Amino acid sequence: MSEPIRFVDIIEKKKQGSRLTESEIRYWIRGVTDKSIPDYQTAALLMAIRFQKLANDEIVLLTQSMQDSGITLDLSSLDGPTADKHSTGGVGDKLSFLVGPLAAACGVPVPMLSGRGLGHTGGTLDKLESIPGYRTDLSSERFLAIVREVGISIIGQTGELAPADKTLYALRDVTATVDSIPLIVSSILSKKLAAGPDALVFDVKTGDGAFLPDREAGRELAKRLVEVSAKAGKRSAALITDMNVPLGAMVGNALEIAESARVLRGEPGGDMLDASFGLAEQTLLLTDRAKDAADAARQVRDALDSGRALEVFGRMIEAHGGDPAVLEDESKLPQARCRRVVKATKAGTVTKLPARAIGLLSMRLGAGRETVDDRVDPGAGIELRKKPGDAVSKGEDLAVLYAENEDRLDRGERDILSIYTIEDKSFKRGPSVLETVLSETGTE
């Protein structure tokens, strides 16, 4: 008869750098789920993992154990290979509203589960809920019905999917172990695998405004996500994208919906389109909807230029109870009570616009939350009239601030003038897509 498992021995084993077995990992996650293992012991193991890390096979076992702690969605009723997108979070990141409709317009069913914003990063659900009537809390049955009818549905992550992750993330948040790459991978993939898509595309942000600012850390996360997805039987690809500068011109919930609609209507998209096209093209390739990269690029461009992606987004909004008219008439979106244009105090070229500082300012204006209970003002945020590489004259518009009162705008105006760096020299911004990581062919 085997000896009963003592959790303190599991902590000691990982503390010494040894690999954990499947039975040990499953014992841990069962204890996390049923509360039989106290939080202080789990916190100790999390810290041991933070320093000693996990091998890929351990990450796979942890991911599968967390996935098995709840339900798994059955997507078999959907027509053809399905795909979901995950972003590691950024400032002005409204790519889900472009990538999802583009892929769906090309015939890929997109059941997408998303989250809320916290701190300087914005949340997809908060942005969607700025659309009057839009519901993110649909049942699994309605969620799948919308994907069948429209091609895409975006809802919140239900607590029935990978419930162990919710407990572990809360502990990581208060034990300084959030930045552990093995724990990040298992957290992301446990929920995504429980949701059941056939393919996954990852947008891994790196730079000032990213969760992992260091490029090497971003590359390691991208590789681990793709490798572990492959071991779990999922096709995947990851784009490493720049988050030193906010994406697009709008930062804020209703503002980002308005900008997404403009791009889908055919207005210039700049760095937003570069990343969106790359992610959508990978989605088509992973689901065999395109024969090669050139075919994928052609299909995605046609989905935008023909207006099909805009139509798909509108139909999804309507199916969720929202008003699709917001895509043509921005006045139907929530409007901030107060607005202020901030003008440049000197001439030159914008050379720096740190994404994190802009995200934090947007939060202080009311567009984000510091704690999960904070109220979000859907109309608040920032419109960036100038970005790095743009020439600016003294007195020319730099940005427009939106908030519910003038006091917030007073503070915001002082802040944004200190955030912008304007110098008397030329400056050219680098590409928004830095690398592509594929499971079979490595890094491009």
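**Cores, sheets and selected residues of the predicted model**

Leaving aside neighbours within four places in sequence, L128 is in contact with F97, Y134, T136, I154, I257, F313 and M316. The structure described here is a predicted model. L128 also appears, together with I358, I382 and I416, among the residues with the most contacts inside the largest nonpolar core, a set of 91 residues. Helix α12, which spans residues 271-286, supplies the largest share of this core, namely eight residues. A second core, separate from the largest one, comprises 41 residues, including L45, L189, F202 and A222. In soluble globular proteins, nonpolar side chains tend to be buried together.

Two of the contacts of L128, F97 and F313, are also of interest for their rings. When ring centres are required to lie within 6.5 Å of each other, the count comes to one aromatic pair. This pair is formed by F97 and F313, whose ring centres are 5.8 Å apart and whose planes make an angle of 20 degrees. Planes under 30 degrees apart count as stacked, and the pair of F97 and F313 is therefore assigned to that class. F97 belongs to helix α5 (residues 96-105) and F313 to helix α14 (residues 308-319), so the pair ties together parts that are 216 residues apart in sequence. Both F97 and F313 are buried. Another ring is accompanied by a charge: the charged end of R50 sits over the ring of F51, at 5.6 Å from the centre of that ring.

The strands are considered next. Strands of a sheet pair through backbone hydrogen bonds, either parallel or antiparallel. One open sheet consists of four strands in the order β6-β9-β11-β7, with antiparallel pairing. At its edges are β6 (250-251) and β7 (338-343), each of which pairs on one side only. Within this sheet, strand β9 (residues 381-384) is joined to strand β11 (residues 397-403) by four bridges, and the two run antiparallel. L384 is placed opposite A399 of β11. Helix α15 (residues 355-367) packs on the sheet, where it touches β6, β9 and β11. The direction of helix α15 makes about 135 degrees with that of β9.

A further open sheet contains three strands in the order β10-β8-β12, and its pairing is antiparallel. The edge positions are held by β10 (391-392) and β12 (421-423); each has a single partner strand, so one side of each is left without a neighbour in the sheet. Strand β8 (residues 348-352) pairs with β10 over two bridges in the antiparallel sense, and G348 stands opposite V392 in β10. The antiparallel pairing of β8 with β12 extends over three bridges, with I422 in β12 as the bridge partner of V350. Four of the five residues of β8 are buried, so this strand is largely enclosed by the rest of the structure.

Parallel pairing is found between strand β4 (residues 199-206) and β5, which are joined by eight bridges. The bridge partner of T206 is D242 in β5. Strand β5 (residues 235-242) has seven of its eight residues buried, and it is therefore largely enclosed by the rest of the structure.

Several single residues complete the description. K231 is located in helix α10 (residues 215-231). Its relative accessibility is 53%, and since a value over 50% defines an exposed residue, K231 counts as exposed. Not counting residues up to four places away in sequence, K231 touches N56 and V60. The C-alpha atoms of K231 and V60 are 7.1 Å apart in space, although these residues are separated by 171 residues in sequence.

Backbone angles draw attention to two further positions. Most residues other than glycine have a negative phi, and most peptide bonds are trans. K35, which is not a glycine, has a positive phi of about 70 degrees, and A162 likewise shows a positive value, near 45 degrees. K35 is found in the loop between α2 (22-34) and α3 (39-52), whereas A162 is found in the loop between β3 (152-156) and α8 (163-174). With a relative accessible area of 57%, K35 is exposed. A162, at 2% relative accessibility, counts as buried, because values under 20% define that class.

Note on methods:
Residues are numbered from 1 along each chain as its sequence is written. This is a predicted model: local features need pLDDT of at least 70, side-chain atom pairs count only at pLDDT 80 or more; totals for chains, interfaces and linings use all residues. Side-chain values use heavy atoms; hydrogens and water are left out. Rings of Phe, Tyr and Trp (its six-membered ring) pair if their centres lie within 6.5 Å; planes under 30 degrees apart count as stacked, over 60 as edge-to-face and the rest as tilted. Buried means under 20% relative accessible area, exposed over 50%, partly exposed in between (1.4 Å probe, protein chains only). A charge sits over a ring if NZ of Lys or CZ of Arg is within 6 Å of the ring centre and within 35 degrees of the ring normal. Contact means heavy atoms within 4.5 Å. Two strands pair if DSSP finds at least two bridges between them. Axes are lines fitted to C-alpha atoms, for helices over the stretch in contact, and angles run from 0 to 180 degrees between N-to-C directions. A nonpolar core is a set of buried Ala, Val, Leu, Ile, Met, Phe, Trp, Tyr and Cys residues joined through side-chain atoms within 4.5 Å.
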